[in-house]
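The following exercises are to be worked with the sequence and the coordinates at hand. Each task is followed by its solution in steps.

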Amino acid sequence: MVYSKTVLDRFQNPRNAGALSGSNAVGEAGNSACGDVVKLFLKVSESGIIENAKFKTFGCSASIASSDIACDLVKGKTIDEALKITSADIINVLGELPSHKIHSVLLAEEVIKFAVEDYYKRREKATKAAIRKTKKSIG
């Protein structure tokens with residue numbers, strides 16, 4: 001199996017591996033066929049800009065490299081812009097992958113969507129809690 005230099009570099013030297021302290025959005029996705037699991041942590045500012053992203057991946061070199069690139073692609077984007085990142089965007093950075101490893105890139109795209117979904121759920125929950133608190137203080 002031949003990987004691009006970028007895939008090998010990102011697998012051997014991931015820039016965004018690990019948990020993210022202070023993350024306020026977390027997504028997890030897995031592929032039951034191959035057993036790969038990706039967890040994505042996002043730190044989103046009050047204005048909705050993704051300030052930082054980290055990942056933990058249990059999987060093959062293509063999954064680790066794809067997760068690492070996905071983190072780079074979401075940083076500095078709004079939460080809505082992150083939703084528009086596709087597997088094609090990730091492949092454009094990674095370079096060519098063997099066809100049986102494309103699922104790794106699809107997993108990275110999917111985990112971004114799950115993290116954004118988690119962000120919105122947390123924000124909705126916080127808003128409801130603030131409303132309840134305000135109602136109690138009013139009386």
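The exercises below proceed from the overall fold to a helix pair and then to single residues of this predicted model.

**Exercise 1. Overall architecture**

Determine how many helices and strands the protein has, and in which pattern they follow along the sequence.

Solution.
- Step 1: The assignment of secondary structure yields five helices and three strands.
- Step 2: Placed in sequence order, these elements give the pattern α-β-β-β-α-α-α-α.
- Step 3: The C-alpha trace spans about 65 × 30 × 25 Å along its principal axes.
- Step 4: Of the 139 residues in the protein, 42% are buried.
- Step 5: Consider contacts between residues at least 6 apart in sequence; 61% of these join residues at least 24 apart.

**Exercise 2. The packing of α2 and α5**

Classify the crossing of helices α2 and α5 by angle and by hand, and describe the residues of their contact.

Solution.
- Step 1: Helix α2 covers residues 61-74 and helix α5 covers residues 102-138; their axes come within 8 Å and cross at roughly 40°.
- Step 2: Angles under 35 degrees count as roughly parallel, and 65 to 115 as roughly perpendicular. The pair α2 and α5 is therefore oblique.
- Step 3: The hand of the crossing of α2 and α5 is right-handed.
- Step 4: On the α2 side, the contact involves Ala-62, Ser-63, Ser-66, Ser-67, Ala-70 and Val-74; on the α5 side, Ser-104, Val-105, Ala-108 and Ile-112.
- Step 5: Sorted by character, the residues of this contact comprise six nonpolar, four polar and no charged.

**Exercise 3. The surroundings of Asp-118**

Establish whether Asp-118 is buried or exposed, and which residues it is in contact with beyond its neighbours within four places in sequence.

Solution.
- Step 1: Asp-118 is located in helix α5.
- Step 2: The relative accessibility of Asp-118 is 19%, and buried means under 20%, so this residue counts as buried.
- Step 3: The side chain of Asp-118 forms a polar contact of 2.7 Å with the side chain of Arg-122.
- Step 4: With neighbours within four places in sequence set aside, Asp-118 is in contact with Asn-24, Ala-25 and Val-26.

**Exercise 4. Glu-124 and Glu-28**

Assign an accessibility class to Glu-124, and state how far apart Glu-124 and Glu-28 are in sequence and in space.

Solution.
- Step 1: Glu-124 also has its place in helix α5.
- Step 2: Its relative accessibility is 45%, so Glu-124 counts as partly exposed.
- Step 3: Glu-124 and Glu-28 are 96 residues apart in sequence, and their C-alpha atoms are 19 Å apart in space.

Note on methods:
Residues are numbered from 1 along each chain as its sequence is written. This is a predicted model: local features need pLDDT of at least 70, side-chain atom pairs count only at pLDDT 80 or more; totals for chains, interfaces and linings use all residues. Side-chain values use heavy atoms; hydrogens and water are left out. Axes are lines fitted to C-alpha atoms, for helices over the stretch in contact, and angles run from 0 to 180 degrees between N-to-C directions. Helices (H or I, at least four residues) and strands (E, at least two) are DSSP runs, numbered from the N terminus. Angles under 35 degrees count as roughly parallel, over 145 as roughly antiparallel, 65 to 115 as roughly perpendicular and the rest as oblique. A crossing is left-handed if the near helix is turned anticlockwise from the far one by less than a right angle, and right-handed if clockwise. Contact means heavy atoms within 4.5 Å. Ala, Val, Leu, Ile, Met, Phe, Trp, Tyr, Cys and Pro count as nonpolar, Asp, Glu, Lys and Arg as charged, and the others, Gly among them, as polar. Buried means under 20% relative accessible area, exposed over 50%, partly exposed in between (1.4 Å probe, protein chains only). A polar contact is a pair of N or O atoms within 3.5 Å; within protein, one must be able to donate a hydrogen and the other to accept it, and residues adjacent in sequence count only if both atoms are side-chain atoms.
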